Amino acid sequence: MTLTMFIVEFFGFGNNLAIAETHTYDGKSPNYNSCASSAVTKDKKWIDSNSYVELKFSTVCKTAWAKVTVTRSAVYNHEADARIVRSTDGKAYTCASSGGNGVVNIGQTSCYTPMVYGLDPRKAQAQGIHAIPNSDAYNKAVTIWY
């Protein structure tokens with residue numbers, strides 16, 4: 001399965017969306033302007049018994065991002081990934097997007113996405129996937145919209 005097919009199938013990209021909003025923080029790393037230093041976890045969902053996804057929100061920057069964590073070191077490449085999506089325009093990023101820190105590969109335990117601006121009425125949702133061993137399938141979990 002190619003990465004593009006993976007993104008479309010598991011994260012639901014590909015649908016026609018309204019014109020995307022443009023905000024200064026969109027696509028930036030959570031470390032940009034120290035946004036991560038004011039982060040709170042708005043929701044956490046277990047993907048399976050070894051991994052979970054979190055919806056992170058900066059109370060200072062008013063931004064959201066997704067973080068996926070595997071509770072042990074990854075044993076193969078592209079074992080887990082996360083996606084953040086904004087409700088108002090569908091703008092979305094994965095860990096592999098510029099501003100993220102890359103998917104969870106061998107020896108790693110987590111990854112995070114770039115941020116989306118999320119001041120009301122905007123909301124964001126975090127989505128996470130974790131590979132099912134010895135298959136081409138993934139378990140998936142989604143957080144609340146916040």
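**Strands, cores and rings in a predicted model**

With a relative accessibility of 30%, Y32 falls in the partly exposed class. That value, like everything below, comes from a predicted model. Two neighbours of Y32 are worth a look. Its ring pairs up with that of Y25: the centres are 5.7 Å apart and the planes meet at 75 degrees, so this is an edge-to-face pair. Searching the whole structure turns up three aromatic pairs. The other neighbour is K28, which lies over the face of Y32 at 5.3 Å from the ring centre. A lysine is also found over a ring at Y52, where the charged end of K44 sits 4.1 Å from the centre.

Y52 brings the story to strand 2. Eight of the eight residues in this strand are buried, so strand 2 is largely enclosed by the rest of the structure. Its side chains split into two sets: S51, V53, L55 and F57 point one way, while Y52, E54, K56 and S58 point the other, and all are buried. So what pairs with strand 2? Strand 1 (residues 39-48) runs antiparallel to strand 2 and is joined to it by eight bridges, with A39 facing S58 as its bridge partner. These two strands make a hairpin that leaves two residues between them. Strand 3 also pairs with strand 2 in the antiparallel sense, again over eight bridges; here T69 is the bridge partner of Y52. The hairpin of strand 2 and strand 3 has four residues between the strands, and K62 takes a positive phi near 60 degrees there.

Moving to the inside, the largest nonpolar core holds 20 residues, and the ones touching the most other members are L55, A64, V68, I84, V104, V116 and A124. Strand 2 (51-58), strand 3 (63-70), strand 4 and strand 8 each put in at least two residues, with strand 3 giving the most, at four. Apart from this core lies another one, of five residues, including Y25, C61, W65 and M115. Back in the largest core, V68 has a long list of contacts beyond its neighbours within four places in sequence; among them are I47, Y52, V53, V104, C111 and I129.

Strands 4 and 8 turn up again in an open sheet of four strands, which has the order 5-4-8-9 and antiparallel pairing. Strand 5 (92-94) and strand 9 (138-142) are at the edges with a single partner strand each, so one side of each has no neighbour in the sheet. On average, neighbouring strands here are turned by 15 degrees against each other, direction ignored. Within the sheet, strand 4 (residues 80-86) and strand 8 (residues 124-131) pair over seven bridges, and R83 has Q127 in strand 8 as its bridge partner.

One more tyrosine deserves a mention. Y117 belongs to strand 7 (residues 116-117). Is Y117 buried or exposed? Its relative accessibility is 17%, under the 20% cut-off, so Y117 counts as buried. Setting aside residues up to four places away in sequence, Y117 touches H23, D26, C61, K62, T63, R86 and R122. The D26 contact spans 91 residues in sequence, yet the two C-alpha atoms are 5.8 Å apart in space. K62 in that contact list is the residue with the positive phi in the hairpin of strand 2 and strand 3, and C61 is a member of the five-residue core.

Conventions: Residues are numbered from 1 along each chain as its sequence is written. This is a predicted model: local features need pLDDT of at least 70, side-chain atom pairs count only at pLDDT 80 or more; totals for chains, interfaces and linings use all residues. Side-chain values use heavy atoms; hydrogens and water are left out. Two strands pair if DSSP finds at least two bridges between them. Axes are lines fitted to C-alpha atoms, for helices over the stretch in contact, and angles run from 0 to 180 degrees between N-to-C directions. Rings of Phe, Tyr and Trp (its six-membered ring) pair if their centres lie within 6.5 Å; planes under 30 degrees apart count as stacked, over 60 as edge-to-face and the rest as tilted. Buried means under 20% relative accessible area, exposed over 50%, partly exposed in between (1.4 Å probe, protein chains only). A charge sits over a ring if NZ of Lys or CZ of Arg is within 6 Å of the ring centre and within 35 degrees of the ring normal. Contact means heavy atoms within 4.5 Å. A nonpolar core is a set of buried Ala, Val, Leu, Ile, Met, Phe, Trp, Tyr and Cys residues joined through side-chain atoms within 4.5 Å.
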